[in-house]
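Colleague: I would like to learn how to read the strands and the nonpolar interior of a model such as this one. Could you take me through them in turn?

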Amino acid sequence: MRFLHVINGPDRGASFVLADMEPQLIGRSTEALALTDSTISRRHAELTPGSEGWYLRDLDSSHGTLLNGTLLTGRSLLKRGDRITCGSTDLLFDRNPEDQRPVEAVTPEEATLELIDAATFEGSDAKADRTTSEQFSVLLRATELAVGESDMRVYVESFLQLLMEAVSARKAMAIIFGMDAAGTAWITAAAEEDGPIRINEQLIEQARKQTAVIRAWESERGNDRRRALMAVPLQTNGTLRGVALLELEELADKPEETRAQDTLLHALGGQAGMALDRCMMMDELLSRSRLAAMGETVAAISHGVKNILQGLRGGTDAVAMAIERGDLELAGRGWGVLARNLERIQSLTMNMLGFVRNQELELETISLEHLSREAIELLQTASNRAGVTIQCRFPDDLPPIPLDSTSILQLLLNLLSNAIDASPHGSSVVLSGAFMENEARVRLEITDQGPGIGEGIQDRLFEPFTTSKGQRGTGLGLVVSRKIAQRHEGTLECVSTGSLGTTMRLELPSDLAARNPGDTDAPKGISGEDLDIEFGPPEH
């Protein structure tokens, strides 16, 4: 089974299964992979299974598809490790991460190990260890890889490919230590040919003990077959992060060649140790930030639910007391409390769903004025209760536009509810629309007559759980509303706020559904030839 891993772009970290014998579309249409990158065409490229593997072809997208940095022309057979670039998104073509190449342990009972030397490089003479231009090139590529790649699996696989090129190795593998609290090791491998990767346990143990570049011959017991092996410690600041094992075509026999090769591998191992350190720290920071965000989310939602439940309890008590007394006026007031809190819990539920889910948009051509008036009708009771009137000002030339009516209605309810809550009794909320024909966009502005947004939260207005409503707000409405606008390739901004009121502006494209499938928001692509750049070889 093959996988596509998103390694760069808005959906970084996502993975998609390529089902056997089932073509797969890359793009933003509903039948394509669930990618949110607006710079990708709706039907950008297609992956097709064949007898030899998976093929990739571009579907006449506006800015083309890159395969390993080269503009794709025609149909190309994919290999493990190929990078596919569509818009701002890079995809890695790979096996299932849990379905790595099989690894076989070679025990002392199966083979003998003859150590040749171990180089530690303590106090090495820099002048005597001058590297060749090819070695400088390898070091430069290793540095770029160590700095530019934060996904540990992608980094290690690319690093192994680099090691194989540097010393003409047939096979390479890495054992990374301490991947979890139990200290479990993680193994990955690369090879020019299929078949299992054999690990010599004695060589690993020697590499861990000596933390030195080790050369050895492995001889299988019972036959004359021998393998030329090398072990490279991946170490930084005295901490061994892993060991890379190489099976070579042949061992260098000249002392100066051996020394130069060992110096290069020692430097590469040190770089890899630092890169692994950085990847591990990044993973830890991301894990901590996710836990912190989760805790903040749970706390904020719990607080909001608690306040709503208190309101429901108060309304229930009032209605029960009114029934007991036969007091219809008190029952009406109690029911009003219940109704308001039912509205709040419905709003909280809808915003939570919008906050955590990325449902496909179901576009239909509909009038924004029609949806606005529907939202006003739904909020009529709330506006009457607050003593606030809502005025609509829409021009006659406002065209219907492609919208997901459910999500845009939620956006309008959020914005109008905020405006009603902010406005004093007896004031008005003005909802006005405009069609910007030259820009092919529709603008909607909602203006209240409230006291404005406090300076302390203006810069954090669209951050989760930021609210000026105190216990009446959860701080999710504007976050979800902006997310809805962005998924329609639109914008939502606070354009003014002050003592005379606040204006929120929504802009949406008027031709979202009518665009050519190849249209994107990205600038025109530039090839390597345009920049006089020679792209490096593909990473396989």
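**Strand pairing and nonpolar cores**

Modeller: Bearing in mind that this is a predicted model, we can begin with strand β5 (residues 54–58), which is joined to β8 by three bridges, the two strands running antiparallel. Within this pairing, R57 has R75 of β8 as its bridge partner.

Colleague: What is the order of the strands in the open sheet, and which are its edge strands?

Modeller: The sheet is an open one of four strands in the order β3-β4-β5-β8, paired antiparallel. Its edges are β3 (24–26) and β8 (75–77), each of which pairs on one side only, and from one strand to the next the twist averages 25°.

Colleague: Turning to the interior, which residues touch the most other members of the largest nonpolar core?

Modeller: In soluble globular proteins, nonpolar side chains tend to be buried together. Here the largest nonpolar core holds 37 residues, and L403, I408 and L416 are the ones that touch the most other members. Among the elements that each supply at least two residues of this core are α6 (368–378), β22 (428–436) and β25 (501–509), while the largest share, eight residues, comes from α8.

Colleague: Which residues is L416 in contact with, leaving aside its neighbours within four places in sequence?

Modeller: With those neighbours set aside, L416 is in contact with A375, I376, L379, I390, V429, L431 and I446. Apart from this core lies another, of 35 residues, which includes L145, M152, A228 and A244.

Note on methods: Residues numbered from 1 in each chain as written. Predicted model: local features only at pLDDT ≥ 70, side-chain atom pairs only at ≥ 80, totals over all residues. Heavy atoms only, no water. Core = buried A, V, L, I, M, F, W, Y, C linked by side-chain atoms within 4.5 Å. Buried < 20%, exposed > 50% of the residue type's maximum accessible area, 1.4 Å probe, protein only. Contact = heavy atoms within 4.5 Å. Pairing = 2+ DSSP bridges. Axes fitted to C-alpha atoms, helices over the stretch in contact; angles between N-to-C directions.
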